[in-house]
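Let's poke at the labels that get stuck on a structure and see what stands behind them. Each turn asks for the grounds, and each reply gives them.

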Amino acid sequence: MSRGLPKQKPIEGVKQVIVVASGKGGVGKSTTAVNLALALAANDSSKAIGLLDVDVYGPSIPKMMNLKGNPELSQSNLMRPLLNYGIACMSMGFLVEENEPVVWRGLMVMSAIEKLLRQRLYFFDFKVDWGQLDYLVVDMPPGTGDVQLSVSQNIPITGAVIVSTPQDIALMDAHKGAEMFRKVHVPVLGLIQNMSVFQCPKCKHKTHIFGADGARKLAHTLGLEVLGDIPLHLNIREASDTGQPIVFSQPESDEAKAYLRIAVEVVRRLPSLSE
């Protein structure tokens with residue numbers, strides 16, 4: 001896969017790129033990406049954070065970050081990211097109507113992304129005025145297809161975070177996702193075990209709906225670590241659906257603190273920004 005790869009070009013003004021990925025859809029990847037970005041900012045207010053949604057078919061960032069409208073253009077004809085909760089955001093969802101599907105075949109996606117990256121006409125590359133960012137969190141689409149390869153091969157990625165539930169079916173695809181990043185020489189920082197446990201709000205009994213410690217077993221197989229566990233909790237879902245992510249709206253909750261701890265673990269595994 002390393003033969004004939006395009007030369008990677010850094011995103012102007014961005015120091016480090018963290019991709020949040022999953023092999024399987026529906027495991028909470030976008031929710032994790034949003035709260036990770038907010039947690040990085042909450043843990044160190046001196047750092048500038050951006051959030052890039054490259055899920056062409058199902059962009060979630062506009063709703064989760066409570067953002068609407070088209071990006072404005074600067075005098076240099078660069079798109080300006082939309083800003084909320086202190087996070088600079090870009091998404092395909094800002095460029096199409098909310099209920100308008102993006103009906104592209106796989107080859108069209110690959111061709112468009114390659115051309116747009118190289119011709120500097122799209123938000124993966126220099127056409128967006130990101131300003132100066134310490135961390136750009138990239139919400140990847142599920143799977144190991146065209147978009148993942150295009151992003152991985154065209155921009156230097158500091159590290160990848162793999163999100164999975166403990167369920168065997170999700171872990172099978174998470175394993176494939178981790179191996180894909182290794183094949184394109186992207187460091188995998190670790191796994192996040194999402195929806196790890198459900199606690200009844202009345203009797204406090206804990207149930208492992210999707211199984212117990214599956215991500216830990218996979219991490220051991222891959223020689224990686226689990227960066228943290230996120231429970232299956234109503235507050236996380238409600239906060240995301242209302243566009244007020246839990247790290248922002250309920251920062252003192254146990255659920256928010258779990259994301260804050262994960263952000264610490266992610267930064268600990270990144271090269272120092274001074275290097």
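Q: What makes Lys-217 and His-220 stand out on α6?
A: Both are called exposed, and they sit on the other side of the helix from its buried residues. The label needs over 50% relative accessible area. Keep in mind that this is a predicted model.

Q: Which residues of α6 are buried, then?
A: Gly-214, Ala-215, Leu-218, Ala-219 and Leu-222. To get that label, a residue has to be under 20% relative accessible area.

Q: How do you know that the buried residues of α6 share a side?
A: By the arc around the axis: they cover only 135 degrees, so they end up on the same side of α6.

Q: What covers the buried residues of α6?
A: The cover includes α5 (168-183), β7 and β10. That goes with the way α6 (residues 214-222) lies across β7 (188-194) and β10. The angle between α6 and β7 is about 165 degrees. Just after the helix, Gly-223 has a positive phi of about 75 degrees.

Q: What makes β7 and β10 a pair?
A: They share four bridges in the parallel sense, and the cut-off for pairing is at least two, so the label fits. One spot to look at is Leu-191, which stands opposite Val-226 in β10.

Q: Why is β10 called an edge strand?
A: Because β10 (226-230) has a single partner strand, one side of it is left without a neighbour in the sheet. β3 (82-84) stands at an edge for that reason too. You can read this off the strand order, β3-β4-β2-β5-β1-β6-β7-β10, in an open sheet of eight strands with mixed pairing. On average, neighbouring strands here are turned by 25 degrees against each other, direction ignored.

Q: What makes β10 "mostly covered"?
A: Four of its five residues are buried.

Q: How do you know that β2 and β4 pair?
A: Four bridges link β2 (residues 49-53) to β4 (residues 87-91), in the parallel sense. With at least two as the requirement, the pairing holds. Leu-51, for instance, has Cys-89 in β4 as its bridge partner.

Q: Why is Ser-164 called buried?
A: Its relative accessible area is 1%, and anything under 20% is buried, so the label applies. Ser-164 belongs to strand β6 (residues 159-164). Beyond its neighbours within four places in sequence, it is in contact with Val-27, Ala-170, Leu-171, Ala-174, Ile-192, Gln-193 and Asn-194.

Q: What makes the phi of Asn-66 worth a remark?
A: It is positive, about 55 degrees, although Asn-66 is not a glycine. The residue is found in the loop between α2 (61-64) and β3.

Q: Is Asn-66 buried, exposed or partly exposed, and on what grounds?
A: Partly exposed, at 48% relative accessibility. The exposed label would need over 50%, so Asn-66 stays in the class in between.

Q: What about Asp-213: what is its phi, and which class does it get?
A: Phi is near 60 degrees, again a positive value in a residue other than glycine. Asp-213 lies in the loop between β9 (206-207) and α6. With 38% relative accessibility, Asp-213 is partly exposed, because that class runs between the 20% and 50% limits.

Q: Why is Asp-44 called partly exposed?
A: Its relative accessibility is 28%; buried would mean under 20%, so Asp-44 doesn't qualify for that. Its place is in the loop between α1 (29-43) and β2.

Q: What makes the Asp-44 and Ser-46 side chains a polar contact?
A: The distance given for the contact is 2.5 Å, and the cut-off is within 3.5 Å for a pair of N or O atoms.

Q: How do you know that Gly-13 and Gln-132 come together in space?
A: Their C-alpha atoms are 4.5 Å apart, though 119 residues separate them in sequence. Gly-13, in the segment before β1 (14-21), is also in contact with Gly-131 and Leu-133.

Q: How much of the chain is buried?
A: Buried residues make up 52% of its 275 residues.

Terms used
Residues numbered from 1 in each chain as written. Predicted model: local features only at pLDDT ≥ 70, side-chain atom pairs only at ≥ 80, totals over all residues. Heavy atoms only, no water. Helix = DSSP H or I, 4+ residues; strand = E, 2+ residues; numbered from the N terminus. Axes fitted to C-alpha atoms, helices over the stretch in contact; angles between N-to-C directions. Contact = heavy atoms within 4.5 Å. Buried < 20%, exposed > 50% of the residue type's maximum accessible area, 1.4 Å probe, protein only. Arc of directions from axis to C-beta. Polar contact = N/O pair within 3.5 Å; in protein donor to acceptor, adjacent residues only side chain to side chain.
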